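Welcome to a short set of exercises with worked solutions. Keep the viewer open and try each task before reading on.

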Amino acid sequence: MKNLKIFIICFIYSFFLIFFMDGLISKLIYSGGLNISPYVFWVNVILAFILSCFAVSLLGEGLGGLALFIITAVLLIGNLIKLIFHDSVLKPADFALISELMEIGVRFVVPWEIGLLAIALVIFCILIFKLRHHILRLLIPRPLPVTAAVFGALVIICVFAAESSTSALDNKTRLESEGFMVFNLINVKEIAHMYPDAPEGYGEAEMAELKAEFDAIGQKTSDTKPDVIVILMESYFDIGEVQGFGLSRDVTKYSREYEIVGLISPRYGGGTASAEFEVLTGFSTAFLPDGVIPYNVYMKDGDKEVPSIVSEFNKNGYKTTALHPSTASCYGRDKAFTELGFNEFLTIEDFDVTEEDMTEDKMTKDYKVKEKIQEVLDGSDDPSFVFAITFESHCPYMNKYNEEEIDFTAEGEALSERNKKEALQYARCAMDASLVISELVEYIEERDRPTLLLAFGDHLPPLGAFRAIGYLNGLYTKYGTPVFEYSNYKETGSFGTDYVSPSFLAAHILREAETEHSSYFDFIDSLTASNPVLNIDFGIDYEDENIQKYKLLQYDLFFGEKYLENR
């Protein structure tokens, strides 16, 4: 009878968990367009039922129920955060970003919420104290050994049986064919393969052949050695061109004339370090487990050398500087930038910032980054490579500026009042960023030293208004941001395509600077004609010969023996 009670409770829990999560994902991400078959739905209910029965029978009703409550809360809260702000679902790799979530999350909390949370916490503690004897009795493990053994065996079978035939496809396709529970179980299994296995055909002889092929491509170099500025513009996109917001002013017109190509970010709404990693290394996150940010997983120790454009500039006698007006530990940049080869990393402690230089939510304004770039360049006699990250446009977008600081309106018909306020706050960020690019161009024009500027938006901001105007319905709008380029000593080159992935910017920067570099960058550069976008949601032909070569060179240089560099 006790077992029957457990089974009924676990079945009800499983049914509503799957029903709610599949419905939530379908509504928030795909606007009701997720077509999960009844068969897939019930397979997921059964899997959830097996897992919940195992937990309760192993730990007892009290402790097992608490474990299920915690797991459910993590799944619900984690997925809600990802769905609302990043238009994606929770992945195991996201748990490597807990510190970043906490650092950013506190900015979303307003004072009255803190007060309410404090009151709730006090009440909760009082209740725990009052009921401590009953709670302790409930939490005493009362396992059902036979039942736990049966369901434990079923869990093991499910783990081994769960395989994805669509793992190389986009998440919507996977969710429709696998369902929420199976999808997550397969993702958890992939933790064991977080470090990719060597691709087929990897070996010293094969890499020697590739090296010869790359060397034969050839490269144009010169003795000019220009100063090179690369700017990652936090959450920047050209909001001034989007009619759905109804902005009364074209806030991003100042930099538009310098746009050379559209960028297809590997992320929507966040994950800055993914695009950053691609630009600095020329490697593609499309070849890594979905959701992994390399800094936090592969570069967290700071004790190895990672091939990058930074090291290429170092070899050419450049002073290499990274700067970001935030903490050094965010995304583990303090360790990652060491592995990438930067000579110095300037953080918020190196910026002279007053209250006037910050937004209301304490984010350093973009003009301070511009000033720091100029300070670094003007203070060096050696050629300089500067990689700068801006911060003003980072979410949230509710309390960055006072009303008098925004002298334009948003009148989009589909926007709620909250949408309009959020859009206006972001638009002011975008205006400041656009102005900074324009002002840097003026600064470069007046310099005696040859100087090259390349700036790009890392991903779209997580604006609620996007869903209201249908902006996320198209892949190019969901992932697209601009790339700007300007030079005071030469005509800037082109990509010959409308959009590229960030991994192709690395080779472009080296080509534009006409700096001697490792020949594998020439191969990467050559791929922009045939494979300019590498993003799983766009579909990737992993059987393509050039894509296989790209995977081989990335594995060799990032995980393997570095045959390409050591020959």
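**Exercise 1. Two helices side by side**

At roughly what angle do the axes of helix α15 (residues 366–378) and helix α16 (residues 417–445) cross, and within what distance do they come?

Solution. Please keep in mind throughout that this is a predicted model.

Step 1. Take the axes of α15 and α16: they cross at roughly 25° and come within 9 Å.

Step 2. Turn the angle into a description. Angles under 35 degrees count as roughly parallel, and α15 and α16 are therefore roughly parallel to each other.

Step 3. Add the handedness: the crossing in which α15 passes α16 is right-handed.

Step 4. List the residues that meet. From α15 come Asp366, Tyr367, Lys370, Ile373, Gln374, Leu377 and Asp378, and their partners in α16 are Cys429, Asp432, Ala433, Val436, Glu439, Leu440 and Tyr443. Sorted by class, the residues of this contact between α15 and α16 are eight nonpolar, five charged and one polar.

**Exercise 2. One helix, two partners**

Describe how helix α11 (residues 272–281) packs against helix α19 (residues 503–513), and then how α11 packs against helix α14 (residues 333–340).

Solution. Step 1. Begin with α19. Its axis and that of α11 come within 6 Å, and they cross at roughly 35°. Here too the crossing is right-handed, with α11 passing α19.

Step 2. Find the residues behind this contact. On the α11 side they are Glu278, Val279 and Thr281, while α19 offers Ser503, Leu505, Ala506 and Ile509. The contact of α11 with α19 divides into four nonpolar, two polar and one charged residues.

Step 3. Now move to α14. The axes of α11 and α14 are 12 Å apart, and the packing angle is about 10°. That angle makes α11 roughly parallel to α14.

Step 4. Name the contacts on this side: Thr272, Glu276, Leu280 and Thr281 of α11 meet Arg333, Phe337 and Leu340 of α14. By class, the contact of α11 with α14 holds three nonpolar, two polar and two charged residues.

Step 5. Put both lists together. Thr281 of α11 takes part in the contact with α19 and also meets α14.

**Exercise 3. Empty space**

How many cavities of 30 Å³ or more does a search of the whole structure find, and what lines the second largest cavity?

Solution. Step 1. Rolling a probe the size of a water molecule over the atoms shows where empty space is left.

Step 2. Count the results: the search finds three cavities of 30 Å³ or more.

Step 3. Pick the second largest cavity, whose volume is about 70 Å³. Its lining consists of 10 residues, and those nearest the centre are Pro92, Asn187, Glu190, Met194 and Asp290. The classes in this lining are six nonpolar, three charged and one polar.

Step 4. Turn to the second largest pocket, with a volume of about 470 Å³. Its lining has 21 residues, with Leu51, Ile71, Leu75, Met181 and Val188 nearest the centre.

Step 5. Trace where that lining comes from. At least two residues each are supplied by α1 (2–28), α2 (38–86) and α8 (180–189), and α2 gives the largest share, 10 residues. The pocket lining comprises 18 nonpolar, two polar and one charged residues.

**Exercise 4. Details in the loops**

Which residues does a cis peptide bond join, and what is the sign of phi at Ser235, positive or negative?

Solution. Step 1. The cis bond links Cys395 to Pro396, with omega about 5°. Pro396 sits in the loop between β5 (384–389) and α16, a helix you met in Exercise 1.

Step 2. Ser235 has a positive phi near 55° although the residue is not a glycine. Look for Ser235 in the loop between β1 (227–233) and α10 (253–256).

Step 3. Finish with Gly560, in the loop between α21 (545–558) and α22 (563–566). The C-alpha atoms of Gly560 and Asp197 are 9.6 Å apart, although 363 residues separate the two along the chain. Setting aside neighbours within four places in sequence, Gly560 has contacts with Tyr202 and Tyr555.

Notes. Residues numbered from 1 in each chain as written. Predicted model: local features only at pLDDT ≥ 70, side-chain atom pairs only at ≥ 80, totals over all residues. Heavy atoms only, no water. 1 Å grid on protein atoms, 1.4 Å probe; cavity = no way out; pocket = protein on both sides within 12 Å on 5 of 7 lines; lining within 4 Å. Points joined across faces, edges and corners; volume = space filled by probe spheres on them. Nonpolar A, V, L, I, M, F, W, Y, C, P; charged D, E, K, R; others polar. Axes fitted to C-alpha atoms, helices over the stretch in contact; angles between N-to-C directions. Helix = DSSP H or I, 4+ residues; strand = E, 2+ residues; numbered from the N terminus. Parallel < 35°, antiparallel > 145°, perpendicular 65-115°, else oblique. Left-handed = near helix turned anticlockwise from the far one by under 90°. Contact = heavy atoms within 4.5 Å.
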